[in-house]
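Me: I'd like to learn how to read a ligand site. Could you walk me through this one?

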Amino acid sequence: MDIISLKDTSNKLFYVGGVVRDELLGIKSLDVDIVYEGNAIEDCSEFGELVRVNPDFGTIRVKLNPHPNFSHFQDENGEILPSPGGRGDTVVDIASTRTETYPLKGHLPVVDKIGVSLKEDVMRRDFTVNSLYKSVSTGEIFDFTGGLEDLKNKIIRVLHDESFVDDPTRIIRALKFSHRFGFILDARTRALRDEYLQNINYDMCFKRVKKELIETLGLNSDELFKEFIESGIYKLVTPNRVQVPSTTIKNLISQYAPESENIWLIYAGILRDLTRIELTRKEQKILDDFAALENSGLNDDFAIYKAFDGKEIESIILFAVLCDEKLARHYLDDLRGIKIATTGKHLEEAGFEPSPKYKEIFDFLLNKKLKNPKMTLENEMALVKEFF
Ligand code: CTP
């Protein structure tokens, strides 16, 4: 099976990483990484129109065009196909083979040399199963690290002892891949992970940590989260102690927020301390809404309704996990759908001048309706006339 219809007569283009791994596992890949054995900036501009060049990393993005040597993404009829990354256009990223070092551990690496051999390029990668190259022209697989054997045996293994010190986000990546594929960490890799977690250097790039948290916790798995806590991986985010919640978080999410883009934050919120992670406004609102819920005195349905109304669903789920599941479910299942039928227009028609009194009337009606959800508009207006 060809990964994509990319033709290469230079013999120097290789698929690498997830795309090769996933093809061998027989699953659909999320994106396609291509590496050029050499300096892509110098040699690859003829592949198509250069859309972007990153000289620091030796990567290029090209908009493909038919070429005598490189007829990328063409089908049998010469038709240009959409890019494999699913971006809906015909662009592809090509990286140069390179060596990297980590002068600042835990931060972005610095490129040492561009245009090295595949065998040298491989050492900057995270795990053996992510270090397989597949020649675009011949389909031959190049395995310098035992990745094929580990793939067969379902093992996640780092390439060298400094791997997690260089890039601690790989600890989260190992968790992600192990749960996604049902793999286990080899003993040495696990020991290196545990050693790092005993002695974390918090001067690291938390942007990368966040990216991995989104992908990993976003898998929405209670088992994964349990391991995230029990093996101490969470300590990458906060040194504070965290316990595994007794609630099945996945069930709550499936029931109340299956489409949420912030599933990761429901899990991450359980750590309570996300001060190191830069959050978007929406993400911050989720945490703020949760904090407001946690601190509200909720002694009757009216207070519950008022506290929960308008709060982000992720915040309510977080409340269910950390504070009171029964109460959160009571709001979501029984109260949330209750709305009074009376509007300002009805009050105006009944002779009430628009004023702050309206709010008082609406709250009065809501209070009554929470006790008797079957109330009709007529019932409500009768009450208004009786009490105001
Ligand atoms: N990589 C790495 N260390 C990281 C991130 C990435 O060594 N912290 C390397 C790995 O070789 C990886 C490749 O870069 O395979 C591409 O990274 P990415 O797209 O994040 O992962 P994939 O392996 O493609 O997996 P996914 O299916 O999640 O995209």
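Me: Which residues come nearest to the ligand?

Reply: A residue is near a molecule if one of its heavy atoms lies within 4 Å of it. Here 18 residues surround the ligand, and Arg21, Asp126, Asp167, Arg173 and Arg180 come nearest. This is a predicted model: local features need pLDDT of at least 70, side-chain atom pairs count only at pLDDT 80 or more, and totals for chains, interfaces and linings use all residues. Residues are numbered from 1 along each chain as its sequence is written, and side-chain values use heavy atoms, leaving out hydrogens and water.

Me: What is 2.9 Å from a polar side-chain atom of Arg21?

Reply: Look for polar contacts, pairs of N or O atoms within 3.5 Å. For Arg21, the partner is an oxygen atom of the ligand. The side chain of Arg173 has an N or O atom 3.0 Å from a ligand oxygen, whereas Asp126 uses a backbone N or O atom, 2.7 Å from an oxygen of the ligand.

Me: Which elements give two or more residues to the shell?

Reply: Helices are DSSP runs (H or I, at least four residues), numbered from the N terminus. Two or more shell residues come from helix H1 (18-25) and from helix H6 (169-181); H6 gives the most, with six.

Me: How many charged residues does the shell have?

Reply: Asp, Glu, Lys and Arg count as charged; Ala, Val, Leu, Ile, Met, Phe, Trp, Tyr, Cys and Pro as nonpolar; the others, Gly among them, as polar. This shell has 12 charged, four polar and two nonpolar residues.

Key
Polar contact = N/O pair within 3.5 Å; in protein donor to acceptor, adjacent residues only side chain to side chain.
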